[in-house]
Amino acid sequence: MSDHYYQAHVFVCQNERPSGHERGCCNSKGATKLRNYMKVRARELGLPMTRINTAGCLDRCELGPVMVIYPEGIWYRYDSMEDIDTILNDHLVGGQVVERLRLAVDQ
């Protein structure tokens, strides 16, 4: 039994900036569609102790779309439903960090 309400808490940036903003934003890069897909897939995979949350700006706009998974504090950049499936299956189900999608702390 865990001492935590959730085993994993995923914060998915949904920040939206005006078109043409120099930093860009995750929302304009498909973050909402991919977050919605992630929520559905997490339910389908039976991950009841995982919470997929919308987040405001996570301040890594140029790298987006981005998410961070706690309690580990692992940051990911993703582009596609396939990337979401990999994060769900490898990280949240299998407990393995997906290095090819992981963001370094100093990025």
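Buried, on this tour, means under 20% relative accessible area, exposed means over 50%, and partly exposed is anything in between (1.4 Å probe, protein chains only). You're looking at a predicted model, where local features need pLDDT of at least 70 and side-chain atom pairs count only at pLDDT 80 or more, while totals for chains, interfaces and linings use all residues. Residues are numbered from 1 along each chain as its sequence is written, and side-chain values use heavy atoms, with hydrogens and water left out.

**Stop 1: the whole chain**

Switch on a cartoon view and take in two helices and four strands. Helices (H or I, at least four residues) and strands (E, at least two) are DSSP runs, numbered from the N terminus. Follow the sequence along and you meet them in the pattern β-α-β-β-β-α. Of the 107 residues, 42% are buried.

**Stop 2: the strands**

Select strand 1 (8-13) together with strand 2 (50-55). The two run parallel and are joined by six bridges; strands count as a pair here if DSSP finds at least two bridges between them. For one matched position, click Ala-8, which stands opposite Thr-50 in strand 2.

Now add strand 3 (66-70). Strand 1 and strand 3 are antiparallel, with four bridges, and Val-12 has Met-67 as its bridge partner. Strand 4 (74-77) comes next: strand 3 pairs with strand 4 in the antiparallel sense, again over four bridges. Pick Val-68 here and look across to Trp-75, its bridge partner in strand 4.

**Stop 3: the turn between strands 3 and 4**

Zoom in on the hairpin of strand 3 and strand 4, with its three residues between the strands. Pro-71 sits in this loop, and the peptide bond joining Tyr-70 to Pro-71 is cis, with omega about 25°. In the same hairpin, Gly-73 takes a positive phi near 75°. As background, most residues other than glycine have a negative phi, and most peptide bonds are trans.

**Stop 4: helix 1**

Select helix 1 (31-44). Its 14 residues should span 20 Å at 1.5 Å a residue, and the end C-alpha atoms are 20 Å apart, so the two agree. The expected span is 1.5 Å times one less than the number of residues.

Which residues of helix 1 are buried? Colour Ala-31, Leu-34, Arg-35, Tyr-37, Met-38, Arg-41 and Ala-42. Look down the axis: these buried residues fall within an arc of 160°, so they line one face of the helix. (The arc is that of the directions from the helix axis to the C-beta atoms.) That spacing has a simple background: an α-helix has 3.6 residues a turn, so residues three or four places apart point the same way. On the other side of helix 1, Lys-33, Arg-43 and Glu-44 are exposed.

What do the buried residues of helix 1 pack against? Strand 1, strand 2, strand 3 and helix 2. Just past the helix, stop at Gly-46, whose phi is positive, near 70°.

**Stop 5: helix 2**

Move on to helix 2 (81-93). Its buried residues are Asp-83, Ile-84, Thr-86, Ile-87, Leu-88, His-91 and Leu-92. Their cover includes helix 1 and strands 1, 2, 3 and 4.

Asp-83 deserves its own click: at 7% relative accessibility it counts as buried. Leaving aside neighbours within four places in sequence, Asp-83 is in contact (heavy atoms within 4.5 Å) with Tyr-78, Arg-100 and Leu-101. Just after helix 2, Gly-95 has a positive phi of about 75°.

**Stop 6: the core**

Time to look inside. A nonpolar core is a set of buried Ala, Val, Leu, Ile, Met, Phe, Trp, Tyr and Cys residues joined through side-chain atoms within 4.5 Å. The largest one has 29 residues, and Met-38 and Met-67 have the most contacts inside it. Both helices and the four strands each supply at least two residues, and helix 1 gives the most, with five.

Select Met-67 and show what surrounds it. Beyond its neighbours within four places in sequence, its contacts include Val-10, Phe-11, Met-38, Leu-58, Ile-74, Trp-75, Ile-84 and Ile-87.

**Last stop: Tyr-6**

Finish at Tyr-6, in the segment before strand 1. At 26% relative accessibility, Tyr-6 counts as partly exposed. Apart from neighbours within four places in sequence, Tyr-6 is in contact with Met-49, Thr-50 and Arg-51. Try the distance tool on Tyr-6 and Leu-47: 41 residues apart in sequence, they are 9.9 Å apart in space, C-alpha to C-alpha.
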